[in-house]
Amino acid sequence: MPVRLIIDALDFARNAGAHHGKIALSELDRLQGYLTSGSGELQYAITGALDINARPLLKIAVQGSINLCCQRCLGEYGYALDLRAYLLLAQNENELSRLDEDESVECVLATPDMDVVALIEDEIILSLPLSPRHGESECSIKQDSKDTAGERSLFAALAALKSLH
Ligand SMILES: [Zn+2]
């Protein structure tokens, strides 16, 4: 059974709410598309607070290991997720667009029925490397002088051919 944790975001922040637990990767449908295997679980914590200017915010921490697909060799590689995010809560659309102009903060629109798991999933997806790849010594394909997009798409095409058989 997927766990849904719903909070009233502003209430949660003002009352210094705190919640932590585990989420099975299999419950994170959108994240699955980035993973080579969907088993395992992540630990998360979410706390509510006010910042020094008394603005409500949510602090999110997520830890665990996930398996991403190396963009160079298309092999699996373990990625240690250790995410910390501070999300300022905007109380309406106007405030959201005003806060969005400040690139040093991340903000979300506060709702009275905020889905914490979906929020955490968003943060995880945003934190993933754009082009995940093994370290130089771990990859089965050695880096050479021309690591181009063309080369990568050739590997992708080869992998697609292989999976047809
Ligand atoms: Zn690799």
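**Talking through a predicted model**

Modeller: At 53% relative accessibility, Ala 16 counts as exposed. Keep in mind that this is a predicted model.

Colleague: Why is Ala 16 called exposed?

Modeller: Exposed begins over 50% relative accessible area, and Ala 16 stands at 53%, so it counts as exposed. You will find Ala 16 in the loop between helix H1 (9–14) and strand E2 (18–24).

Colleague: What makes the phi of Ala 16 worth a remark?

Modeller: Its sign: phi is positive, about 50 degrees, although Ala 16 is not a glycine. Ala 54 is another residue other than glycine with a positive phi, near 65 degrees. Ala 54 sits in the loop between strand E3 (41–50) and E4.

Colleague: How do you know whether Ala 54 counts as buried or exposed?

Modeller: The cut-off for exposed is over 50%. Ala 54 has 53% relative accessibility and therefore counts as exposed.

Colleague: Now to the helix H4. What makes Asp 115 a cap for H4?

Modeller: A side-chain oxygen of Asp 115 lies 3.1 Å from the backbone nitrogen of Val 117. A polar contact needs an N or O pair within 3.5 Å, and with 3.1 Å Asp 115 caps the N-terminal end of H4.

Colleague: How do you know that the length of H4 is close to the expected one?

Modeller: H4 has twelve residues, and the expected span at 1.5 Å a residue is 16 Å. From its first C-alpha to its last, H4 reaches 17 Å, which is close to that value.

Colleague: Which residues of H4 are buried?

Modeller: Buried means under 20% relative accessible area. In H4 the buried residues are Val 116, Val 117, Leu 119, Ile 120, Glu 121, Glu 123, Ile 124 and Ile 125. Over the protein chain, 35% of the 165 residues count as buried.

Colleague: What lines the largest pocket?

Modeller: That pocket has a volume of about 160 Å³. Its lining includes Tyr 34, Leu 68, Cys 69, Gln 71, Ile 125 and Leu 126. Strand E4 (56–69) and helix H4 (116–127) are the elements that give two or more residues to this lining.

Colleague: How many residues of each class does that lining have?

Modeller: Nine are nonpolar, one is polar and none is charged. Tyr, Leu, Cys, Ile and Pro count as nonpolar, and Gln 71 is in the lining too; Gln is in neither the nonpolar nor the charged list, so it counts as polar.

Colleague: And how many helices and strands does the protein chain have?

Modeller: There are five helices and seven strands. From the N terminus on, they run β-α-β-α-β-β-β-α-β-β-α-α.

Definitions and conventions
Residues numbered from 1 in each chain as written. Predicted model: local features only at pLDDT ≥ 70, side-chain atom pairs only at ≥ 80, totals over all residues. Heavy atoms only, no water. 1 Å grid on protein atoms, 1.4 Å probe; cavity = no way out; pocket = protein on both sides within 12 Å on 5 of 7 lines; lining within 4 Å. Points joined across faces, edges and corners; volume = space filled by probe spheres on them. Helix = DSSP H or I, 4+ residues; strand = E, 2+ residues; numbered from the N terminus. Expected span 1.5 Å × (residues − 1). Buried < 20%, exposed > 50% of the residue type's maximum accessible area, 1.4 Å probe, protein only. Polar contact = N/O pair within 3.5 Å; in protein donor to acceptor, adjacent residues only side chain to side chain.
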